[in-house]
Amino acid sequence: MRLLFVTSEVFPLIKTGGLADVSGALPTALASSDTEIQILLPAYRGMLAQCSSPKHLGSLQPFHDIRCELYKTLLPGTNIPLLLIDCPALYDRDGGPYHHPLHGEWEDNPLRFGVLSKVAAMLAMPNMLQAWQPEIVHCNDWQTGLTPYYLKQMGSQAKSVFSIHNLAFQGNFHADWRYRLTLNLEDYQAEGYEFYGQVSFMKSGLFYADALSTVSPTYAREIQTDQFGFGFQGLLQHRAADLTGILNGIDTEIWNPAQDPYLPAHYTASALSGKQAIKQGLQAELGLRQQADTPLLGVVSRLTYQKGLDMLIEIADALLGSGCQLAVLGSGEASMQRQYLSLMQRYPGQVAVTIGYNEPLSHRIMAGTDIFVMPSRFEPCGLNQMYGLRYGTIPVVANTGGLADSVHGGEINAQGVPGKMTGWVMADNDASTLLVTLQTAMQVYANSGQWQQLQRQAMQQDVSWETSAQHYQTLYQNVLSSPKA
């Protein structure tokens, strides 16, 4: 099977969130099977220099005034072919892949990711720069949403799978972009790429792809409801038979407490002493009081309303009054950043807040804290709770999406044994429930025997990509054997 995996970010080259981790780990897991896979990605600033001996394949002209060069190399650390779209006018910029460093989203994002989508479709046509031609094009999130449309427009025989990583980010733009992106005007309608008077990349993917997937079974059900559908619930209900929820995994080589290079010590489920040493080092690094027996809570997240972290601010005084500590890493809404920085000022030595992205520190927080806090209002899959499981940092999560699918909640039984628990899943998603749930977790933490058994159970849970990759293989086979949508 020949698969072109199209994405706007991939670890370790460019990362803003979980999509990059998935785009690096899933192809790696698939490549161990009979799947011939290539990854397609824009060549953002400095990216070609990060890759080994990129080979120039030739030029492409996705639109009449846009010319780009295509290079082939390997995804660093793997043997997976990586195709890079070199178009400096669109991608060689300061800032992130989607945002100007000062002024919000790039105004020409429709063109930047229209090029990504169009090039993906062009590579699925015969004799397009290389003999290799995909049978399936796997598109990821709105940035690749026009690819299934272009495949149809160009008459490609390749099938398409469109994966929804977060339905809240939709790529909706002014209707005039249909001309610039060479979209057929007759398809600007409800039975097409139009969405409330705009050109919608997400709508295009949902409507034209041969099959749809999303990143957890629970989220696949949730997005068909008014609460989580963000306006697409009717279309998703209509395509329910084509929608599959597959829980993400994590890269268990990168996220491995037994050999993680970012950690000052290492540990396993059967030998946990190294985790305590990492905790003490983290407390020193972050300026927290050196208290080995004090429960240390961790947050690594975007600081946004979606992530429910305003609820943690709301209960902070009551929570910190118990004497626990809190380590926060992330960035997001300016007002929430200010609230967390203010919390650190009010609780010196007890609260540490680091604003920004720091991959090494995220590993140390994941390993050095005791409880991981993730009360998201919605969470398509989430990866951090799986990192917590892998590192024996017990997650407290909301009952939504992939959080509900990956964390096994429950109660400590009469014998004081945590049954099959691997964490706590909140009964209700509000601030008072979050406080009660965290207090319950800290009560169990005080019993070292119960806590260590809970840690061992969490660390023994399978969070790898192997099972998920098998589900994707089945999905691909089903798509190949079915008529085009």
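A salt bridge here is a side-chain nitrogen of Lys or Arg within 4 Å of a carboxyl oxygen of Asp or Glu. Arg 346 and Asp 317 meet that rule, with their closest N and O atoms 2.5 Å apart. The model you are looking at is predicted, and by this rule the count comes to 13 salt bridges. Below is a friendly tour of some of these pairs, followed by a helix crossing, an enclosed helix and a few individual residues.

**Salt bridges**

- Arg 346 belongs to helix H13 (residues 334–346) and Asp 317 to helix H12 (residues 316–320), so their salt bridge ties together parts that are 29 residues apart in sequence.
- Both partners are partly exposed: Arg 346 has a relative accessibility of 47%, and Asp 317 has one of 44%.
- Lys 15, Asp 21 and Glu 359 are joined into one network by salt bridges that share partners.
- Arg 45 pairs with Asp 92, and here the closest N and O atoms are 2.7 Å apart.
- That pair links distant parts of the chain, 47 residues apart: Arg 45 sits in the loop between strand E2 (36–42) and helix H2 (47–50), while Asp 92 sits in the loop between helix H3 (88–91) and H4.
- Arg 45 is partly exposed, at a relative accessible area of 44%, and Asp 92 is also partly exposed, at 35%.
- Asp 310 and Arg 377 form another salt bridge through their side chains, at 2.7 Å from N to O.
- Asp 310 is in helix H11 (residues 309–314) and Arg 377 is in the loop between strand E16 (371–374) and helix H15 (384–390), so this bridge ties together parts that are 67 residues apart in sequence.
- Asp 310 counts as partly exposed at 22% relative accessibility, and Arg 377 is partly exposed with a relative accessible area of 22%.

**A buried lysine without a partner**

- Lys 118 lies in helix H4 (residues 109–122).
- Lys 118 is buried, yet it has no salt bridge. The nearest side chain of opposite charge belongs to Asp 65, 10 Å away, whereas a salt bridge needs the atoms to be within 4 Å.
- Beyond its neighbours within four places in sequence, Lys 118 contacts Pro 62, Phe 63, Tyr 150, Met 154 and Thr 182.

**Where helices H1 and H19 cross**

- The axes of helix H1 (residues 18–31) and helix H19 (residues 466–480) come within 9 Å and cross at roughly 75°. That makes H1 roughly perpendicular to H19, because angles of 65 to 115 degrees fall in that class.
- On the H1 side, Leu 26, Ala 29 and Leu 30 take part, and they meet Ala 469, Tyr 472, Gln 473 and Tyr 476 in H19.
- Sorted by class, this contact has 6 nonpolar residues, 1 polar residue and no charged residues.

**Buried places**

- Helix H7 (residues 201–208) is largely enclosed by the rest of the structure, because 7 of its 8 residues are buried.
- The buried residues of H7 are Phe 201, Met 202, Lys 203, Ser 204, Gly 205, Leu 206 and Tyr 208.
- Ser 213 is in strand E11 (residues 211–214), and its relative accessibility of 0% makes it buried.
- The C-alpha atoms of Ser 213 and Ser 163 are separated by 4.6 Å, although the two residues are 50 residues apart along the chain.
- Apart from neighbours within four places in sequence, Ser 213 is in contact with His 138, Val 161, Phe 162, Ser 163, Ile 164, Leu 243, Thr 244, Tyr 472 and Leu 475. Tyr 472 also appears in the meeting of H1 with H19.
- Gln 455, found in helix H18 (residues 448–459), is buried with a relative accessible area of 7%.
- Leaving out neighbours within four places in sequence, Gln 455 touches Leu 272, Lys 275, Gly 392 and Ile 394.

**An exposed proline after H19**

- Pro 483 is in the segment after H19, and it is exposed, with a relative accessible area of 72%.
- With neighbours within four places in sequence set aside, Pro 483 is in contact with Lys 159 and Asp 210.
- Pro 483 and Leu 296 are 54 Å apart in space from C-alpha to C-alpha, and 187 residues apart in sequence.

Conventions: Residues numbered from 1 in each chain as written. Predicted model: local features only at pLDDT ≥ 70, side-chain atom pairs only at ≥ 80, totals over all residues. Heavy atoms only, no water. Helix = DSSP H or I, 4+ residues; strand = E, 2+ residues; numbered from the N terminus. Buried < 20%, exposed > 50% of the residue type's maximum accessible area, 1.4 Å probe, protein only. Lys, Arg positive; Asp, Glu negative; His and termini not counted. Contact = heavy atoms within 4.5 Å. Axes fitted to C-alpha atoms, helices over the stretch in contact; angles between N-to-C directions. Parallel < 35°, antiparallel > 145°, perpendicular 65-115°, else oblique. Nonpolar A, V, L, I, M, F, W, Y, C, P; charged D, E, K, R; others polar.
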